[in-house]
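Dear colleague,

I am passing on the structure below, together with notes on what turned up when I went through it. Please read the notes with the coordinates open beside them.

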Amino acid sequence: MPDLFAYTDGACSGNPGPGGWGVLLRAKNGDEIVKERELSGGASDTTNNRMELMAAITALETLERPSTITVVTDSKYVMDGITKWIHGWKAKNWTKKGLKNVELWQRLDAAQARHKVTWEWVKGHAGHPENERADELARAGMAPFKG
């Protein structure tokens, strides 16, 4: 069975402002790429954090059946939120003062519940080819919303 990866990224021109998200889904058998799919989208008035979340959400919601997947993000916000902070938010019934993007965190939580997810962080804009491609997709997703 191939290993499944989702490389995700978000981008924003201004914060808030027009933004986009990108996902590179890749199935690999060892070093061989078996299948690849690219996704992108955006919004006219959003934030970078919302776009980072949308990339991860879309990656997981796109999978048609429960899967074992590694989600690779360059967002500490997404990485720490989904692996550390979310437990406290859920324990407090999502009522933490100042918590932003609650509906997206809940959507990400539901999306990941269907799968066996490993979260991995990579430094952004550091020459990581798949992360660079996800960034290109995010910028393409943003393009229709830029004035």
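Ala 143 is partly exposed, with a relative accessible area of 45%, and its place in the chain is the segment after α4. If you set Ala 143 against Asp 74, which is 69 residues away along the chain, the C-alpha atoms of the two are separated by 21 Å. Please keep in mind throughout that this is a predicted model, and that the values in this message are computed from it.

Helix packing

Two packed helices are described by the angle between their axes and the distance between the axes, and I have used that description for two pairs here.

Helix α1 (residues 48-62) packs with helix α3 (residues 102-113) at an angle of about 25°, and their axes are 9 Å apart. Since angles under 35 degrees count as roughly parallel, α1 and α3 are therefore roughly parallel to each other, and their crossing is left-handed. On the α1 side the contact is made by Arg 50, Leu 53, Met 54, Ala 56, Ile 57, Leu 60 and Glu 61, which meet Glu 103, Leu 104, Trp 105, Arg 107, Leu 108, Ala 111 and Gln 112 of α3. Sorted by class, this contact between α1 and α3 holds nine nonpolar residues, one polar residue and four charged ones.

The pairing of α2 with α3 has an angle of about 95° and a distance of 11 Å between the axes, and that makes α2 roughly perpendicular to α3. Here Tyr 77, Val 78, Gly 81, Ile 82, Ile 86, Trp 89 and Lys 90 of α2 meet Trp 105, Leu 108, Asp 109 and Gln 112 of α3, and the classes in this contact of α2 with α3 are seven nonpolar, two polar and two charged residues. Trp 105 of α3 is among the residues listed in the contact with α1 and is also listed in the contact with α2, which may be a convenient place to begin when you look at the model.

Salt bridges

Side chains of opposite charge can pair when their charged atoms come close. How many salt bridges does the count come to? The count comes to nine, and I describe some of them here.

In one of them, the side chains of Glu 130 and Arg 26 meet with an N to O distance of 2.8 Å. Glu 130 belongs to helix α4 (residues 129-142) and Arg 26 to strand β2 (residues 17-29), so this pair ties together parts that are 104 residues apart in sequence. As for accessibility, Glu 130 counts as buried at 16%, and Arg 26 is buried with a relative accessible area of 12%.

Another salt bridge joins Lys 84 to Asp 80, with the closest N and O atoms 3.4 Å apart; both residues lie in helix α2 (residues 76-91), four residues apart, which is about one turn of the helix. The two ends of this bridge fall into separate accessibility classes, in that Lys 84 is exposed, with a relative accessible area of 52%, whereas Asp 80 is buried, at 15%.

Within helix α4, Arg 133 and Glu 136 are three residues apart, again about one turn of the helix, and they form a salt bridge in which the closest N and O atoms are 2.7 Å apart. Arg 133 counts as partly exposed at 28% relative accessibility, and Glu 136 is likewise partly exposed, with a relative accessible area of 44%. Beyond single pairs, salt bridges that share partners join Arg 26, Glu 36 and Glu 130 into one network.

Backbone geometry

Most residues other than glycine have a negative phi, and most peptide bonds are trans. Where does the model depart from this? The peptide bond from Asn 15 to Pro 16 is cis, with omega near 15°, and Pro 16 sits in the loop between β1 (3-12) and β2.

Asn 93, in the loop between α2 and α3, has a positive phi, near 55°, although this residue is not a glycine, and at 58% relative accessibility Asn 93 counts as exposed. His 125, which is found in the loop between β5 (116-121) and α4, also has a positive phi, of about 55°, without being a glycine, and His 125 is exposed, with a relative accessible area of 55%.

With best regards

Notes: Residues numbered from 1 in each chain as written. Predicted model: local features only at pLDDT ≥ 70, side-chain atom pairs only at ≥ 80, totals over all residues. Heavy atoms only, no water. Axes fitted to C-alpha atoms, helices over the stretch in contact; angles between N-to-C directions. Helix = DSSP H or I, 4+ residues; strand = E, 2+ residues; numbered from the N terminus. Parallel < 35°, antiparallel > 145°, perpendicular 65-115°, else oblique. Left-handed = near helix turned anticlockwise from the far one by under 90°. Contact = heavy atoms within 4.5 Å. Nonpolar A, V, L, I, M, F, W, Y, C, P; charged D, E, K, R; others polar. Salt bridge = Lys/Arg side-chain N within 4 Å of Asp/Glu carboxyl O. Buried < 20%, exposed > 50% of the residue type's maximum accessible area, 1.4 Å probe, protein only.
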